[in-house]
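User: I've got a structure open and I'd like to learn how to read its features. Could you walk me through it?

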Amino acid sequence: MHYTLHLTNACNMSCKYCYVNGENKCTMSIETAKKVVDMAAESKKSSVGIIFFGGEPLLNKDLIYETVDYCKWKEKNCDSLFHYKITTNGLLLDDAFMDFSTKVNLFIAMSHDGVKEAHDKNRVDKNNDGTFSRLSDKIDLLLSNRPYAPVMMVVNTNTVQYYAESVKYLYNRGFKYLICSLNYAGDWDESSMKTLQDQYKKLADFYYERTLAEDKFYLSPFEVKISSHINKDTYCNERCELGKKQISVGPDGLLYPCVQFVGDKHYSIGNVNTGIDETKRQELYNINEEEKDSCRECAIRARCNHYCGCMNKQTTGRIDQVSPVLCAHERILMPIADKLANKLFKKRNGMFIQKHYNDMFPLISLVEDSTKLKK
Amino acid sequence: MEIKPIEKYKTPKYPLKYMVLNNPNILKNIPKRWKGNAKIGIALSSLLLLTLTACSQSGKKLPDEVVSSNKPVDLSNRKIAANVIPGQKVSPIFEHGEGSGSFGCVSVSPPVFLSEEEALGIIVEEASKYGLTLHPGAEELETSIELNTTQSQEEIVFSDTTIIDRDTSVKIDQSNHKYTRLGKVTLDGGNEDGRISFEYVSVDDFKQWNSNFSEGSIFYTYDIKKTAQAFVESIKDKTNQKYVGTFYDPMPLMEVMLTTEDSTEDYTDKEIAAKSLKASENNLREQVRDFICWLKAEGAI
């Protein structure tokens, strides 16, 4: 179970595709954060994730330090172990925070859109200036301390032509976990979708070459789609279960089923004082789980991401209405991912087979990396 | 843009995880650099042991049990079940097993196919008995072939953007409803020095090359042998001095076998399937033995 703490809706950037409503600035109090930790501890889950989110969460570093301190204290008196993650735009990363993250094992994910031409189009500061050049040192700082840090990349209609180039750039900078997502709310059309398809083909070539070279990496679009076939019977357990696997907590203490609902009180499923309104949560869950009429007859529906209520809400305004952009994306991506996997399996590529079929791969990979480090 | 449900989608050829766990030999494919790492070796051995134990406890068959080990037979006076064309580096189809069948309607036994994994295991094992070491793993022929398919217009359009490589093209002869695919060929495996390769034409290959095929019909026909023959024709003179053997799923006709051999017995579907698989295995071993004889006759081994 994960609890995502939206520490603030304030940000030091003004990304053009950002969905956060930052008009009325609001910051979470330490009391609210502690109540979330108490709620998490009471859930009696053995492992609980505390995710620091925003706005930009590093605008409130002290709140992060205090919350983690409280979790450490709480662990002594409950059955749960806490682990921590933060998603940041990176501008405020510094040595002190890196030391802290190493000490408490705080997992850091950085948002970055790749090459300068792509990144600076949308990821700008309050003066509308691109942030690419200011992040260069931050990437080095992050990866030298946390080599497994993931990078979160958003592909927009005005940057899609740089998609493959951007992935390669981030990979060459040292990121091995690349989480890429479309801005589904963007103004996609047939032409930009065609460009996207061409980019995925280039990325498939890149994935193929890197896998043949036995590199270890995670490129989310392909990994997720390949997994949706390989783990056919269990894949349904991995998908979004609106409010059941993670709860988002707004700065004001209201609870929501996922990050993109925060601030829309219609979708609130409780608050930190009274806890989760199970009826409301179940109601949303049921709406989300019911097969959408538009997809009932589709041959790839079991492998498709249309179950993500959060994304549906962001793009169509309703959790039970699928975005045509998402549909087009799935139709483009799935055959390319399958063809890529067919080729690698047919080659009996060791890295592909271990990564996708061996549940112990992460552990073995860690053994390998630790051996390398000792040498 | 609008929501467009996909009517039909080809099942990918890479296996599901449970299939691999039932055939843990696949997990022996590891990155090359892991091979000299003792710590990784220990971790992997533990994993394989756990997987094998889990399989045996669950009562599931292991590939080595499925692929029973026969002793090598004397091939010295063997007559090959094929018309050999001298000087051709592409072997003919060695006819052991019907390789075809019609199902639905009055055909009561459902078709039973050898999976690619089972078949590759049999081919590798049988060849090794005669001193030929083959490895599964894609071998690319650096050539284009023409393979006639019966793909529909829609399939071609869909393929143009998705399934077919950028270096693959399609010739469309609409008046004859004939579509010809041109592209590189990836074979199923070969020997160490790359002189000898092989391809196993499975039911999946049949479906891929005959995209109009539908099991949803009341009556449907598989003709894997014919597909294998078309494949052989397509690669003739295009193997770049490589010897290529083509095998096919033998698909024995079980109704015929059971009525002629064991007419007094009643069989469950499961027993029929087991007998069918065993018969397929024997037929495929015969195909490999013919291939060995052919390679010897050609002076390749």
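**Reading the salt bridges, the sheet and the surface**

Analyst: Let's start with one pair: B:Arg78 and B:Glu286 make a salt bridge, with their closest N and O atoms 2.4 Å apart. In sequence the two are 208 residues apart, with B:Arg78 in the loop between helix H3 (63–66) and strand E1 (100–104) of chain B and B:Glu286 in helix H9 (residues 269–297) of chain B. Keep in mind that this is a predicted model.

User: Is B:Arg78 buried, exposed or partly exposed?

Analyst: B:Arg78 is partly exposed because its relative accessible area, 22%, falls between the cut-offs of 20% and 50%. B:Glu286 also counts as partly exposed, at 23%.

User: What's the general idea behind such pairs?

Analyst: Side chains of opposite charge can pair when their charged atoms come close. For a case within one helix, take B:Lys129 and B:Glu126, whose closest N and O atoms are 2.9 Å apart. Both sit in helix H4 (residues 116–129) of chain B, 3 residues apart, or about one turn of the helix. Both residues are buried. Salt bridges with shared partners tie them into one network, whose members include B:Arg78, B:Glu286, B:Lys278 and B:Asp290.

User: How many salt bridges does the structure hold over all chains?

Analyst: There are 34 over all chains. One of chain A's is A:Lys313 with A:Asp264, at 3.3 Å between the closest N and O atoms. That pair links distant parts of the chain, 49 residues apart: A:Lys313 is in helix H11, A:Asp264 in the loop between E9 and strand E10 (270–271) of chain A. A:Lys313 is buried at 14% relative accessibility, while A:Asp264 is partly exposed at 26%.

User: Now for sheets. In what order do the strands of the open sheet in chain A run?

Analyst: Read across the sheet, strand by strand: the order is E7-E6-E5-E4-E3-E2-E1-E8-E9, 9 strands with mixed pairing. Strand E7 (218–219) and strand E9 (255–256) are the edges, each pairing on one side only. Helix H1 (residues 30–42) of chain A packs on this sheet, and its direction makes about 175° with that of E1(A). For a parallel pair, look at E5(A) and strand E6 (residues 177–182), joined by 6 bridges; A:Met152 stands opposite A:Ile179 in E6(A).

User: And on the surface, which residues make the nonpolar patch of about 360 Å²?

Analyst: A:Phe107, A:Tyr148, A:Tyr177 and A:Leu366. Among them, A:Tyr148 lies in the loop between helix H5 (132–145) and strand E5 (150–155) of chain A, and is partly exposed at 34% relative accessible area.

Technical notes: Residues numbered from 1 in each chain as written. Chains lettered and ligands numbered in written order. Predicted model: local features only at pLDDT ≥ 70, side-chain atom pairs only at ≥ 80, totals over all residues. Heavy atoms only, no water. Patch = residues over 30% accessible without salt bridge, like charges linked within 9 Å, V, L, I, M, F, W, Y side chains within 5 Å. Areas by Shrake-Rupley, 256 points an atom, 1.4 Å probe, with all protein chains shown as cover. Salt bridge = Lys/Arg side-chain N within 4 Å of Asp/Glu carboxyl O. Helix = DSSP H or I, 4+ residues; strand = E, 2+ residues; numbered from the N terminus. Buried < 20%, exposed > 50% of the residue type's maximum accessible area, 1.4 Å probe, protein only. Pairing = 2+ DSSP bridges. Contact = heavy atoms within 4.5 Å. Axes fitted to C-alpha atoms, helices over the stretch in contact; angles between N-to-C directions.
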